[in-house]
Amino acid sequence: MNSSPSESQLFDANVVVGPLPRRPPGAPESVPALLETMDRYGLATALVTHASAKWHDPALGNERLIRELSGQDRLIPCWVVLPASCGEVPPEAEQVQDLIASGARAARLCPVAHRLSLEPFEVDRLLGALEERRVPLLLDCDNVHWSEPRPWRFIAWACTTFPALPIILLREGQASFRALFALLDQYTNLVVETSYLQGHDAINLIVQRWGPSRLVFGTGLPLWDPALPITGLTYAGLSPVQREAVGGGTLRRLLEGCRR
Amino acid sequence: MRMGQNSAAERQGESDWPAASGAEEGLGLRERALRGLPLDGVLVIDDHIHLGPHAGFYQPNSSAAALVRTMDRIGIDQACVFSTLAVVSDMRGGNDLSLAAARAFPDRLLAYAVPDPNQPEQVKDELQRCLDAGARGIKFHTQLHGYPFDGPRYEPAFELADAHRLPLISHGVGSPETLRRVARAYPGAHFIVAHVGAGGAGAPGDALLRVAAEEPNVYLDVASSVARFGAFAEVVRVVGAGKVLYGSDTPWMCFTHQIGRVLLAPISEDDKRRILGQNLATLLKQGPR
């Protein structure tokens, strides 16, 4: 059943490890269980956030992430970040410095889980610090269904104000193309993760129109079934070069852009 | 090669997906899915696709020709089609689109007739017109039409499905006990519950699973944008692979994502093949040709 990791180049941009609220039965929780699941689905590498950082305490959870991922090279750490206004995390520039020093190469912002307003007065210093070090920002709105609203005004503001900051929309669905396509046209720093991108031929369409640098493959493990985004990519009708880029090349390039 | 399918050379000309070499027929479905190889040699019938645009949100490439191109790429033999126009606002005009698509791709697209219960005086004649023109099943959209599954305006549809042993797929079936009562009242009809076979719906969904497991003429369609980890395999375990039908809801969603739910599921190869097409083929053989 398992495939050798070396057979696959898929790099999953959207994975969480650790104790998760409402974790589906059988979904992986520990690092070994996650690696076993990744093998089963032919996933070579993953960008991983710790559930404790998102759902319990970002500082403690990020520390736990680095500890649990230590010693293996298939899981790349992604910290959860917060505005520093309450003092629960270090000031923004220091927070981003710590992120990079820990070996993490991306940041996850969780405006729904953390009740963020996303107003400039709240997040501008954080996004500015991330931009300065070119740390890709994953925007995690905890969306379940395509009918839910998105913070489009914030996304447009962030792309405009921080043009050197790669902003990756997680689990973007098929029902917002009128807004999404307008933003893809205007902001080259906007990237979409594919786990929920289920419009007919949408992956192919986006690649043909904007190139494979605007999409990164992701699954949403362990909450979501990785099978759908995998075949969403393998049957997308992309050239091998395009498929490799969406499947991992684009994400690797973004992570390598971090200024250490 | 499928009837009506483009040759591998033609397919290569319009895109760059892997060519069908014949060797993939020896590979398991999981391996083919991971490599993006066409499902040649496997009967695949999508029980749930739409057709045409939807003003509510942009749905790319929604023409019949574009839908069949994607089916070719994956290796989907046939799909049951009901135009979006029919389920939203124009019963007759929408059914005409579905019938025209089936005429244009007679080996690939199977038209289903959509009754609009908001035009009760026309439902019976419209369904008969569609059956006479080659429709192979019936589709309800109780949510968009704003009408209950067991309301009297749907009775002509139930009677036709019962008499002709048609598949009847419905988005919305009322309560589990409503579904059970209707299924028992029309034992010749094959009731397919849309969007429930993917699981993860909580208590109401679980009760529907029990109805599907217990009633011989109730089946579950797997099309769902939401796919919780492990939920689909749990549905198959509870209701049995013989009661589950692959469907995608393309172009509201996409064949490419939805078929992965089956191809990569931790279930047996035989169960995958039943869900992908064998189950529905058995039902379709009982209806009009």
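**Briefing: helix α13 of chain B, a helix pair and the contact with chain A**

The buried residues of α13(B) pack against several elements of chain B, namely the helices α2 (29-35) and α12 (255-263) and the strands β1 (45-49), β5 (167-171), β6 (190-193) and β8 (244-245). The structure is a predicted model. The points below treat this helix, then the pair α6(B) and α8(B), and finally the side of chain B that touches chain A.

**Helix α13(B)**
- Helix α13 of chain B covers residues 269-286; because each of its 18 residues is taken at 1.5 Å, a span of 26 Å is expected, and the 25 Å between its end C-alpha atoms agrees with this.
- A kink of about 55° is centred on I275(B), and I275(B) is also one of the buried residues of the helix.
- The other buried residues of α13(B) are K272(B), R274(B), L276(B), G277(B), N279(B), L280(B), L283(B) and L284(B).

**Helices α6(B) and α8(B)**
- The axes of α6 (residues 120-132) and α8 (residues 155-164) of chain B cross at roughly 35° and come within 9 Å.
- On the α6(B) side, V123(B), K124(B), L127(B) and L131(B) meet P156(B), A157(B), L160(B) and H164(B) of α8(B).
- Six residues of this contact are nonpolar, one is polar and one is charged.

**Contact with chain A**
- In chain B, 37 residues are in contact with 36 residues of chain A.
- Elements giving two or more residues to this side of chain B are α2, α3 (64-74), α11 (231-239) and α12.
- The greatest contribution, seven residues, is from α12(B).
- This side of chain B comprises 19 nonpolar, 13 polar and five charged residues.

Note on methods
Residues numbered from 1 in each chain as written. Chains lettered and ligands numbered in written order. Predicted model: local features only at pLDDT ≥ 70, side-chain atom pairs only at ≥ 80, totals over all residues. Helix = DSSP H or I, 4+ residues; strand = E, 2+ residues; numbered from the N terminus. Expected span 1.5 Å × (residues − 1). Bend = angle between axes of the 7 residues up to and from the residue. Buried ≥ 20, exposed ≤ 12 C-beta atoms within 10 Å, placed from the backbone. Contact = placed C-beta atoms within 7 Å. Axes fitted to C-alpha atoms, helices over the stretch in contact; angles between N-to-C directions. Nonpolar A, V, L, I, M, F, W, Y, C, P; charged D, E, K, R; others polar.
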